[in-house]
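Here's a walk through one protein model, meant to be read with the structure open beside you. We'll start at a single side chain and work outward from there.

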Amino acid sequence: MSSDSALPQGQAKVAAVRSMFDAIAPRYDLINRLLTFGMDCRWRRRSVWELGLPAGARVFDLACGTGDLCRDLESAGYRAVGFDLSAGMLRAAKKYRDSGKLRAPMVLGDALRLPVPPESADGITCGFALRNVVDLDGLFAEMARVVRPGGRVSLLEVSEPSNPIMRLGHRVYFGKVIPLIGGLLSDRTAYEYLPKSVAYMPPTEEMLDLLTQRGFEAVTHSHLSGGIAQLVTATRGR
């Protein structure tokens with residue numbers, strides 16, 4: 001895994017991530033739409049579609065934020081349950097519950113220690129939060145614990161294009177433009193941290209190997225929108 005001495009580790013990272021998402025929660029959805037030009041909506045729908053589970057399947061969305069993926073899961077006919085470390089994000093999700101656009105229970109909790117029995121989910125989604133957990137292998141172990149054999153996981157995360165020209169443009173946009181816009185509309189410190197947090201991610205092959213070691217099969221990796229995002233899917237071994 002890459003390292004960056006400026007990035008918090010251990011429990012300091014947990015506290016920093018919780019505080020950061022509490023701070024940006026009120027305008028989180030709006031800024032996501034602006035910064036991704038709406039592409040994040042397509043990425044989430046693709047993630048839900050890749051689950052390939054029957055209607056009525058119970059799917060846990062980890063680091064659910066304001067419930068974007070939960071709403072997409074419900075639209076696809078799944079029974080969603082959201083979990084998030086940030087109370088601020090769950091408060092921001094209330095507007096969707098109040099308007100009837102979201103029915104899923106939203107639970108305050110750590111994705112590394114989910115308050116659910118073993119094999120209680122048919123599937124798991126997680127949108128752009130793999131780099132925010134303290135222990136990625138621990139997260140995959142917890143997914144293996146709570147997903148039934150034959151169940152599916154679908155995990156979205158940011159990425160970097162392989163094309164040199166696109167990669168250069170992406171680095172400028174991700175490293176300079178996003179903190180600028182995020183700072184104008186929300187919390188600059190948070191939006192400076194988000195691009196840097198990519199350093200927490202291990203190489204792709206190492207990440208896929210971790211899933212395999214935790215008992216997942218048919219592990220696949222896809223680049224989205226020219227490589228600025230990635231999707232990892234896998235099936236829990238029987």
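Zoom in on Arg-71 to begin: its side chain makes a polar contact with the side chain of Asp-68, at 2.2 Å. Keep in mind as you look that this is a predicted model. Arg-71 is found in helix H4, which covers residues 68-75. Is Arg-71 buried or exposed? With a relative accessibility of 15%, Arg-71 counts as buried, because the cut-off for buried is under 20%. Leaving aside neighbours within four places in sequence, Arg-71 is in contact with Asp-29, Thr-66, Tyr-96, Lys-101 and Leu-102. There's also a second arginine to look at here: the C-alpha atoms of Arg-71 and Arg-103 are separated by 8.1 Å, although the two residues are 32 residues apart along the chain.

**The sheet**

Now zoom out to the strands. In what order do the 7 strands of the open sheet run? The order is E3-E2-E1-E4-E5-E7-E6, and the pairing is mixed. Strand E3 (106-108) and E6 stand at the edges with a single partner strand each, so one side of each has no neighbour in the sheet. On average, neighbouring strands of this sheet are turned by 15 degrees against each other, direction ignored.

Take E4 and E5 next. These two pair in the parallel sense over 6 bridges. If you want to find the register on screen, Ala-121 stands opposite Val-147 in E5, and Ile-124 stands opposite Val-153 in E5. As for E5, 10 of its 12 residues are buried, so this strand is largely enclosed by the rest of the structure.

Over at the other pair, E6 and E7 run in the antiparallel sense, with 7 bridges between them. Ser-222 has Leu-231 in E7 as its bridge partner. The hairpin of E6 and E7 has 4 residues between the strands, and Ser-225 in that hairpin takes a positive phi near 50 degrees.

**Helices against the strands**

Helix H3 (residues 39-51) lies across E1, E4, E5, E6 and E7, and runs at about 160 degrees to E5. A good residue to click on here is Ser-47, which has its place in helix H3. Ser-47 counts as buried, since its relative accessibility is 0%. Not counting residues up to four places away in sequence, Ser-47 touches Thr-125, Ser-154, Leu-156 and Leu-231. You've already met Leu-231 as the bridge partner of Ser-222.

Helix H7 is the other one to look at. Why can we call H7 (residues 136-146) largely enclosed by the rest of the structure? Because 8 of its 11 residues are buried. Those buried residues are Leu-136, Gly-138, Leu-139, Phe-140, Glu-142, Met-143, Ala-144 and Val-146. What do they pack against? The list includes strands E1 (58-62), E4 (121-127) and E5 (147-158), along with helix H10 (204-213), strand E6 (216-224) and strand E7 (229-236). At the start of H7, a side-chain oxygen of Asp-135 reaches to within 3.3 Å of the backbone nitrogen of Asp-137.

**Rings, and charges over rings**

How many aromatic pairs turn up in a search of the whole structure? There are 4 aromatic pairs, and two of those are set out below.

| Aromatic pair | Centre to centre | Angle between planes | Arrangement |
|---|---|---|---|
| Phe-21 and Tyr-28 | 6.0 Å | 75 degrees | edge-to-face |
| Phe-60 and Phe-83 | 5.2 Å | 75 degrees | edge-to-face |

Phe-60 lies in strand E1 and Phe-83 in strand E2 (residues 79-84), so this pair ties together parts that are 23 residues apart in sequence. Phe-60 counts as buried at 3% relative accessibility, and Phe-83 is buried with a relative accessible area of 3%. In the pair from the top row, both Phe-21 and Tyr-28 are buried.

Two charged side chains are worth a click as well. Lys-13 lies over the face of Tyr-200, at 3.3 Å from the ring centre. The charged end of Arg-236 sits over the ring of Phe-216, 5.8 Å from its centre.

How values were computed: Residues numbered from 1 in each chain as written. Predicted model: local features only at pLDDT ≥ 70, side-chain atom pairs only at ≥ 80, totals over all residues. Heavy atoms only, no water. Buried < 20%, exposed > 50% of the residue type's maximum accessible area, 1.4 Å probe, protein only. Contact = heavy atoms within 4.5 Å. Polar contact = N/O pair within 3.5 Å; in protein donor to acceptor, adjacent residues only side chain to side chain. Phe/Tyr/Trp six-rings, centres within 6.5 Å; stacked < 30°, edge-to-face > 60°. Lys NZ or Arg CZ within 6 Å of the ring centre and 35° of its normal. Pairing = 2+ DSSP bridges. Axes fitted to C-alpha atoms, helices over the stretch in contact; angles between N-to-C directions.
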